[in-house]
Amino acid sequence: MLTSRKVLWPVCVRCLLDKPAGSLGARRKIRDQHARTAEQFARQAHEQSVLYRFTDRLYRARSMGDVYDASLDAIADGLGCARASILRFDDHGIMRFVAWRNLSAAYRQAVDGHSPWRPGDQNAEPIFIGDVQTADIPEALTATILQEGIRAFAFIPLTIDDKVIGKFMTYFAEPRESTPNELQLSVTIARQLGFSIGRRLADDNARRLSAAEAPTPGGLAPQESISGRRWRRATTLPHQVETQLPQSI
């Protein structure tokens, strides 16, 4: 019995001494996991709040300017950047600034027209530049970007029917790496913005078509099809005069 006690006693002491350290390490791991989980929940709640406000403002928007303002707020709040911009291709296929936050006129003029995509490109993916100084960018353009105080930025394509119509950009004062969550949120904002632009363009086209087809005080529309032929009413004459036009017009 005595021999047995001499053998077991050191083992029991070692177990008792090791147990508190092991328990402390386990408790630290649990606390760290809880902290990460709480941080993840807080981030997801913030992103959902940003997207909810964004969607609500897009629904209430009465002009393209309202759409742009709502988008820039969502970009700034959701992605944590103080500077952002929205650009779209003009009628000549040139990328132009249509809305921005905290960008100088000199910078906008210097980079106007730059785009990694062409109008109508498909399957466009976001592009992140983590550090301007180490990126493959022309020297003159790099100098312009650094002079504006920008060290990192991102191109997020805007699409309608999966065809590029523009982009929005985020700018940061320090080098940084993008995260999967940031990528997902950027794409979500871009999709909603692209959809809103498309809807606004469709509404504008419908209103123009409706106005063109609106009847004149005399009864017929300015151009109205009758028996497969086009007719035009000469509304400037005192009497109603109708002139038949060739079928090809």
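**View 1. Surroundings of Ser196 in helix H5 of the predicted model.** Apart from residues within four places of it in sequence, Ser196 is in contact with Leu58 and Val67. Ser196 belongs to helix H5, which spans residues 180–212. The relative accessible area of Ser196 is 5%; because this value falls under 20%, the residue counts as buried.

**View 2. Helix H5 across the strands.** Helix H5 lies across four strands, namely S1 (83–89), S3, S4 and S5. With respect to S4, the helix runs at about 40°.

**View 3. The open sheet of five strands.** The strands follow the order S2-S1-S5-S4-S3, and their pairing is antiparallel. Strand S2 (95–101) and strand S3 (127–129) form the edges, each pairing on one side only. From one strand to the next, the twist averages 20°.

**View 4. Strand S4 between its partners S3 and S5.** Strand S4 comprises residues 152–160. Seven of the nine residues of S4 are buried, and the strand is thus described as mostly covered. Three bridges join S4 to S3, and these two strands run antiparallel. Across this pairing, Ile129 stands opposite Phe153, while Ile127 has Phe155 as its bridge partner. To S5, strand S4 is joined by nine bridges, again with antiparallel strands. Here Ala152 of S4 stands opposite Phe172 of S5. In a regular strand, side chains alternate between the two faces of the sheet.

**View 5. The hairpin of S4 and S5.** Two residues lie between the strands of this hairpin. In the hairpin, Asp161 takes a positive phi near 55°.

**View 6. The aromatic pair of Tyr107 and Tyr171.** The model contains four aromatic pairs. In one of them, Tyr107 and Tyr171 meet edge-to-face, at 6.1 Å centre to centre and with 90° between the planes. Tyr107 lies in helix H3 (residues 105–111) and Tyr171 in strand S5 (residues 163–172), so the pair ties together parts that are 64 residues apart in sequence. Both Tyr107 and Tyr171 are buried.

**View 7. Phe153 and Phe155 within an aromatic cluster.** Phe153 and Phe155 form an edge-to-face pair, with 5.3 Å centre to centre and 80° between the planes. Together with Trp117, these two residues make up one aromatic cluster. The relative accessible area of Phe153 is 6%, and that of Phe155 is 15%. Both values are under 20%, and therefore Phe153 and Phe155 count as buried. Each of these residues also faces a residue of S3: Phe153 stands opposite Ile129, and Phe155 is the bridge partner of Ile127.

**View 8. Arg176 over the ring of Phe172.** Arg176 lies over the face of Phe172, at 4.0 Å from the ring centre. Phe172 is in strand S5, where it stands opposite Ala152.

Definitions and conventions: Residues numbered from 1 in each chain as written. Predicted model: local features only at pLDDT ≥ 70, side-chain atom pairs only at ≥ 80, totals over all residues. Heavy atoms only, no water. Phe/Tyr/Trp six-rings, centres within 6.5 Å; stacked < 30°, edge-to-face > 60°. Buried < 20%, exposed > 50% of the residue type's maximum accessible area, 1.4 Å probe, protein only. Lys NZ or Arg CZ within 6 Å of the ring centre and 35° of its normal. Pairing = 2+ DSSP bridges. Axes fitted to C-alpha atoms, helices over the stretch in contact; angles between N-to-C directions. Contact = heavy atoms within 4.5 Å.
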